Every structure is written in structure tokens, then in C-alpha cells.
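Open the model in your viewer and keep the selection box handy. We'll hop from chain to chain, and at each stop you get something to pick and a note on what is there.

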Amino acid sequence: MMSMFSFLSSIELGLIYSLMVLGLFLSYRILNIPDLTVDGSFTLGAAVAVSCTLAGHPVLGILAAGAAGAMAGLVTAFLQTKMKIQPILAGIITMTALYSINLMVMDNKANLPITQDESIYYAFGQLVGKNLQGMLLSGLAAALLVIIVVLFLSTPLGLSVRATGDNEDMVRSSSINANFTKSVGLAAANACVSLSGALIAHYNCYAEVRMGIGMVVIGLASLIIGEIVVEIFVKRLTILAGAIAAVVGSVIYRLIIAQALELNFSASSLKLITALIVALAMSYPAIKESRKMAKIRKAGRA
Amino acid sequence: MKKFMSVMMAGMMMATMAGCSNGTEQKSGSADSAGKLQIGVVQIMEHTSLDTIRESFLAEMESLGYGEDKVEFDIQNAQGEQTNLSSICKKFVGDNVDMIVAIATPTAQAAAASTSDIPIVFSAVTDPVEAKLVADPEHPDKNLTGTSDAIPVDEVMQLCQKLTPDVKKIGFMYTTSEINSQVTAEKAIQEAEKMGYETQLMTISEVSELQQAAQSLAQNVDAIYVPIDNTIAQAMKVLAQVGLDYKIPIYTGADSMVQDGGFATVGIEYDKLGQQTAKMAKSILEGTPVSEVPVETLDEFGTFINKSTAEAIGVEIPAEIADNATLMGE
Amino acid sequence: MLEIKNLTKTFYPGTVNEKLAMDHLNLQVNPGDFVTIIGSNGAGKSTLFNLIAGSFFPDEGRIRLDGTDITFLPEYQRARMIGRIFQDPMKGTAPSMTVEENMALSYLRSKQRHFGFGISKKERSFFQEQLARLDLGLEDRLDSPIGLLSGGQRQAITLLMCTMVTPKLLLLDEHTAALDPATAEKVLEITKQVVGDNKITTMMITHNISSALKVGNRTIMMSGGRVILDISGEERSRMTVPQLMERFKKESRQELNNDRMLLSEN
């Protein structure tokens, strides 16, 4: 079994990445758009946060990271709505452009570190002690973002964004500007993702230009795992339940990875395990359906 | 739901079987078994240079008396995903390992963020000061020390002067996502300009761009220099062909790249780096405090020249250089 | 209220599929009119609605709503003044949002409330009041996701959503056609009630000729992108279905051989 340290660290990591998963909750669940910008906006958040920290503004850097992510989301939205590019391709285009932009933000260096004194985690640690700094700060951030997201989705604008993802035809023939709501949604989603990247940069004390690779897959897997688990406890996935599912799923995913490491698979099969988990999680609805069907058929024959 | 869980467990069991039967170096991760030392070895991804360091490190540890009878090595690989680096390092810390060996810059950074007590020996970090791993390489201030794969760029430029004196303009290439490569290339450009060469820089972001970027560069320069770049090293044959097509020498950062068709280098041998890392690890395991183990670079650099490349581009290797170099490419 | 002059639209101009869908149509709808529109398939009824609502723009002509020229106004800007209900009951409501949330969506938009969280007690009781008048038991199901409701219930709610804040013009595009006869009748009753109570200027496309003559105060028949018959008042109340079909034959010199229209004359 994994050590207590490993267990607690997995929860910490899960909480930090849950911000990214919340972003995917907004784009994939609410807006129904598969947004691949995530791989790029995650790194963008880290790059902006580290650059601002090196310039002496660590906390401002976090906010700037969120703003930068929002802008990345707006670019993808523009490509989709005005240029009428297919959503997946629009996301890929922005993600590709962000590789260069991230490098530029990082002063053309592939790897940009900060010292522990510059990290907000260690600054927070002065208040609560080193052992709690990770868990508390990450937990606070995750809780705060869940509240913000749920409140936002209950405002008139938030309702319009939800409707856009639910029934775009209806929205287009109503007085709601669907292009506007999509842009707002994608901007908000990518802002969350960037905030996640910013936090990880402070947690690990560096930003690296390749650190976002594979994020969208991890995020979607986490989201779905979270939903499967939360659905055991609630009848219907309300907005609050969905947001909490994002956090829960992210933590569980990290625990699964930690457990996979414990089982000591050959080092090169970690990705295969991840793919298996993602595939299982994503096919769970279909598996559930076919088991239901099998039961009905069985009862029909009896 | 229960059935789903059992399906998942079954899946993981099967994968465990497959995994266990594969790994010859894997040990079951249990707590301290009968006083054996535990060392966690982690790298960011599979790569020839990183793999070579790891292999030669383990071999040297064995020959220094720290083989598998005395040490449990937990070997992990983040498979290119930096998120896994954190998880792996946390696992090491939770398992209370006696030392972490971190290969490559982000690996060392993730390890540093996970523990400030367990000694970390890094390798293949070109500039540990820039990476904020040590403030002073002579006196490491934290729990980190290790080997740097910095190479003597001045010696390469001098070799260029001697072997190919007609070269006036040198082109430099590196992959933008590799900090080691970038740092070395920038130093090399400075050095070259000091020596009076004209320089031009061409960067790529991934291996598919190599051929066209190299061709575009080759048209304007008399020689190309590529430092220790993992991406380009993997596709060395492509770059070598461009050199042959345009008949210009390709100076590289590592001997393996010359082997693969480059022209020449005064450069790094990754297995020597691994061995040196093992020696440092041994002294720390035997009680030397980390602050007294300075960061090391290789003290000897061999000269490597590829004979058939030389012939193909029409360069004659003067005898006094050939005598002191390793000739490759028969 | 609605003034249409010379409205023309050709689809796929210059190709093999070229079709003149709207042919210099002129129409005037007065405030409070409830106009029923009939015609065979391809007559241009839906095209007319699309042009009025702004799904696409005409090649020629002008549309004026309550004095304002809306010919080239974008769809979502017109939607503030024009309510529209489609034949497909799925199209009018957001399935995964609750009844309450759907109603809030249109209510808050028309009231122009942009801030604040959730739905206030006052708003919730207002919605319940509105739903109670439908007499469908929906006032107890405010928290149900709309996707769980039947087609008829969804259309009824869509109707409410469009009329909670009275629009200048209401377009009903065969909104009962996809419902079973009993539910269709119910929804039609509700339509008449809501339109009557709020005095909404309404245009309704229907394939049911006898409904067309019984509901509203005016009936238009379209063919080939033009209005070929426009009756109201005495003439209309004395018109029977067979007479209407004769008039149609005379005006359009075609057999009215649309099965749906024939079969539903009751």
C-alpha cells in the first residue's frame, strides 16, 4: 500500500489539478465543446505566473495567469464562432500557437524556475507550517473556484451559457447571442485551467514548456471518474454536484496513479495503465447500458 | 458498480502480471527489507542519452560495491508527463528512500520540491545554477548536488578552426523545448563570435521540422553546430544527410551523434557521466554531507571524428589530431 | 404591427436547384390580429417565418415591426420582440435544465436582469402562477429537468417562455403538429387563452384547415411564395372547408392534393 505521505501528496496534487478539471467541466460538460486549448493554456498559466513572480509580483502573477487563460479561451472561441472552424481544430490551433507564446513569455527559455522563497506555497507555509501549506492552499483554491463556478452558472449569463451547451438551436433563435455565451464559457474554462498551471508552477517551483502535454486527457478522465463516483451518492447531477465531481475525480485520478506506481509495473507501462483507466472510465456509460440490456433480455427470456 | 470495480481490479491485476514479468530491474515496492539501502532513480522520459546515464550509473554502483545485494533500486520513468514526476518523487519520499537520483532538469526540480532532507543527486542538468538547484556549484546549499553535462564549447570551436579552417560562418541549431540544449548553444554562439566567426541561429520545436530547418540553414552557412540536443540526436541521421548533401561539417555535442553520421565533436560521453554520478552517490551514501560534494562536470572530454563523413565532405584529418582522437565510422 | 413589402428570396440562385421561395410578398398584420396561415408544402410559409425572425435575410423587400425596419437585424436582436415556437418540441427548451431554470432563462433576459444569483422567491412564485394556468400539473414540477417531460408539456412551457413578457409578435410554426391529437388540442386551447389574455399579435402556420378557420380572426393561404387568399370577418366565418378548397383551386389553378391537409379536415 502507498505511504501516508504519498496518499496525502496525491490529494494535494489532485486538488491543484482539480482547477483544470473544473475548467474542462465548464467547456466539456456545460458547453459541450471538446476544447483542446487546455494543453496550451495550462502551460500559459505556469509561464505567466513564473514570469510575474520573477519580476517581483507573485500574487498578481496568479491573477495575470487567469486573465491570460481567459484570453486564450477567447481566441479559440473566435476561431469557432466567427471563423466557423470546427471546435476540435480550433482548440488545436490555439494550443499550437500557445507553444510559441509560452516560450516568449518564459523569456525564450524552455525551463524557468523560481526559488522556494519566491513560491506562494512557502510564503503560505510561514503562516500554517510547512506540512500543511500544500494541502491548505490547494484545498482553499479548489473550494473557492468551485463556489465561483457554481455561483457564476446561476447568474442570468451563466444560465445562458448552460443553455447554449444544452440546446444551441433554442439559444440561436432566442434573444441570446450564442457566440457571446460560447466565448464567455471558453474564456472562463481556460482561465480555470491557467490558474491550475499557475499553482503547479508555484508548487514545483518551475515552469517548463512541455508541462501541459497530455493535460486534456488527464482532465477528461478525472472528470468522468468523478461523475461516476458522485452519481452513487446523488440522484441527479446538479451543477454543484458536477463541480464537486470535478474535484473528487481529480483527486481519485492522482490516487490511482500513485497506486499504479506502488504496484511497480515496468516503468514504461505507466502510460498504458493511464490509457486503460481512461478507456474504462469513458466507456462506463456504455458498459452500464449493455448490462441493463442484458438484464432485460434475460428477464424477457425467463 | 461493484462489478465495474471488480472489472477494474481484474484489469489492474492482469497488467501487474504483465508488468512484473517484464521488468528485470523491478523490485516489489515494500518497506526497508533487512537493512538494504533504498535509492529512487527517476527520469523524465525514455531517451538514449538519459537511458545511457541510468544504465552506466547502475553498472558503476554495482562495481563500487553498491549492487542489488546491498541496494534496492526503485526505477521510475515519467514517460514524458511532468505531472507524473511529482507523483513519483512523492512516492520516493513516502517510502523513505536514502537517496534520489534525478536525471534531467525538470526531474531534479520536481525532486527538490518534494523533499529538502533526502539527498538528491542529479545528472544531465547543464546549468544547475540557472535551474535554481544550487546557488554555488562548489558548495551546494541545499540537499542537491550532481553532474552537469556541460560541454567545452570553446574546444569544439578550436577543433573547427583546426580541422576546417575555411569555415567563416557557423549555423547553430537547438530544440526550443530543451533547456540544456539552449543553454549550451547560446554559450557556443558567444564563443564562436569571440573567435571571429559569423553565426546564424535556427531553432525547431519538434523533430519533424528538422530536415527543412537544417536544409534552410545549410544553404547560408559553412558549418553547423548542434549541442547536446535529445530531439535532434534521435534524428541525427536526417541532419547528417543534410550535411552530406550540402558538403558542410556538422559539429555535435555528443559522441553518439558523431557515430550516427555527424562530423566531429569534443564532447560528452554519457556513460562516463553516469559513472561519475555513481561515484558522487557513493560518497554521499558513505557519509559525506551534500554541501561538501560539489557539482561536477566531466573532467575529460574525448575528441571524436567520423572518418567516412570526413571523406564524404572532402576534409582531410591532419595526423596530429587523428592520433589524439577516436575515429568512428569505418 | 407587421408590415411586409415586396419580400423576395431565391434559394441557390444560378444553380440547378434554384427556387424562388418568396415572390414579392406584401402583407400587413394589425396589432391584435391572430392570423392563421395555410398552404401546401413548398408554398413559402416557413420561409416567411424565417425571414421575419431573421434566420436569413431577403434578396429584396422590407419588413417593419411596430414601425422599426428589422429587415437586416440579426436574429438574436429580433428575438427580443419576436417569439417563435417550432414544430419540434425538443427545440424550444433546454433538456438538462429544470423547468424553473428554463423559465428563468427567458424571463430574466426579457426583464434585462443581468446580475444576481439564482431565482428569487418572487420569481419562483410568478413561474408557479403561470404554470398553474396551464392546468397541466406543471407547477409542482419546477425542479424537474425538462428532458423528462412530454412533448406537449414542453411545447406548453415553450409557449409560456415566449409570452411571459409579452412579445410584439408571436410566430407559431405548426407547433402542435408533432403532438398526439388530444395533446394538440390542449396546447391549442392554451395558445388561444394566452394569446387572448395578453392580446399578442400572432401568426400561426397550421396544416389543419378547420383549425385554421376556427382559430384567430384572419386566414391567409399561400402558394408559390405569394399570398393567394386573405379572408377575415364575415367572409371567413361563413367559409367552410370544401369552399376553401374550391377557392384554392381557383386561385392557384392547382389541385390541393396535400394529404395532410385533406385528412385533417374534421
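How many residues of chain B are in contact with chain A, and how many of chain A with chain B? Select both chains: 44 residues of chain B meet 47 residues of chain A, where contact means that C-beta atoms, placed from the backbone, lie within 7 Å.

Some ground rules before we go on. This is a predicted model, in which local features need pLDDT of at least 70 and side-chain atom pairs count only at pLDDT 80 or more, while totals for chains, interfaces and linings use all residues. Residues are numbered from 1 along each chain as its sequence is written, and chains are lettered from A and ligands numbered from 1 in the order in which they are written.

**Stop 1: the B side of the A–B contact**

Stay on chain B and colour helix 1 (2-22), strand 2 (71-77), helix 3 (82-94), helix 4 and helix 6 (179-194); these are the elements that give two or more residues to the side touching chain A. Helices (H or I, at least four residues) and strands (E, at least two) are DSSP runs, numbered from the N terminus. Helix 3 of chain B gives the most, with ten residues. By class, this side divides into 13 nonpolar, 24 polar and seven charged residues. Here Ala, Val, Leu, Ile, Met, Phe, Trp, Tyr, Cys and Pro count as nonpolar, Asp, Glu, Lys and Arg as charged, and the others, Gly among them, as polar.

**Stop 2: chain B by confidence**

Now colour chain B by pLDDT, the predictor's confidence in each residue, from 0 to 100. The chain averages 85, and 89% of the residues score at least 70. Among its elements, helix 1 of chain B has the lowest mean (46) and strand 3 of chain B the highest (95). Select residues 13-32 of chain B: pLDDT stays under 50 there, and the model has 23 contacts beyond four places in sequence for them. Where pLDDT is low, the predicted coordinates should not be read in detail.

Zoom out to the whole chain and you'll find 13 helices and 13 strands. Of its 330 residues, 51% count as buried, which takes 20 or more other C-beta atoms within 10 Å of a residue's own (12 or fewer is exposed, in between is partly exposed). Among contacts between residues at least 6 apart in sequence, 69% join residues at least 24 apart.

**Stop 3: strand 4 of chain B**

Select residues 120-123 of chain B, which make up strand 4. Ile120(B) and Phe122(B) point one way, Val121(B) and Ser123(B) the other, and all are buried.

Add strand 3 (residues 99-103) of chain B: it runs parallel to strand 4, with four bridges joining them. Strands pair if DSSP finds at least two bridges between them. For a landmark, Ile103(B) stands opposite Ser123(B). Bring in helix 4 (residues 105-114) as well, and the three elements make a right-handed β-α-β unit; with the strands pointing away from you, the path from the first strand over the helix to the second runs clockwise.

Next, add strand 5 (residues 144-148) of chain B, which is parallel to strand 4 and joined to it by three bridges. Here Ile120(B) stands opposite Leu144(B).

Which residue in the loop between strand 4 and strand 5 of chain B should you click? Pick Lys132(B), which lies in that loop and has a positive phi of about 60° although it is not a glycine. Most residues other than glycine have a negative phi. Lys132(B) is also buried, with 22 other C-beta atoms within 10 Å.

**Stop 4: over to chain A**

Cys205(A) has a positive phi too, of about 65°. Look for Cys205(A) in the loop between helix 9 (178-204) and strand 2 (206-208) of chain A. Cys205(A) counts as buried because 24 C-beta neighbours sit inside 10 Å.

Then select Cys192(A) with Leu19(A), Met20(A), Leu22(A), Gly23(A), Leu26(A) and Leu145(A), its contacts once neighbours within four places in sequence are left aside.

**Last stop: chain C**

Show chains B and C together: no contact joins them, and their closest C-alpha atoms lie 24 Å apart. Chain A does touch chain C, with 19 residues from chain A and 25 residues from chain C. On the A side, helix 7 gives the most, with seven residues.

Definitions and conventions
Contact = placed C-beta atoms within 7 Å.
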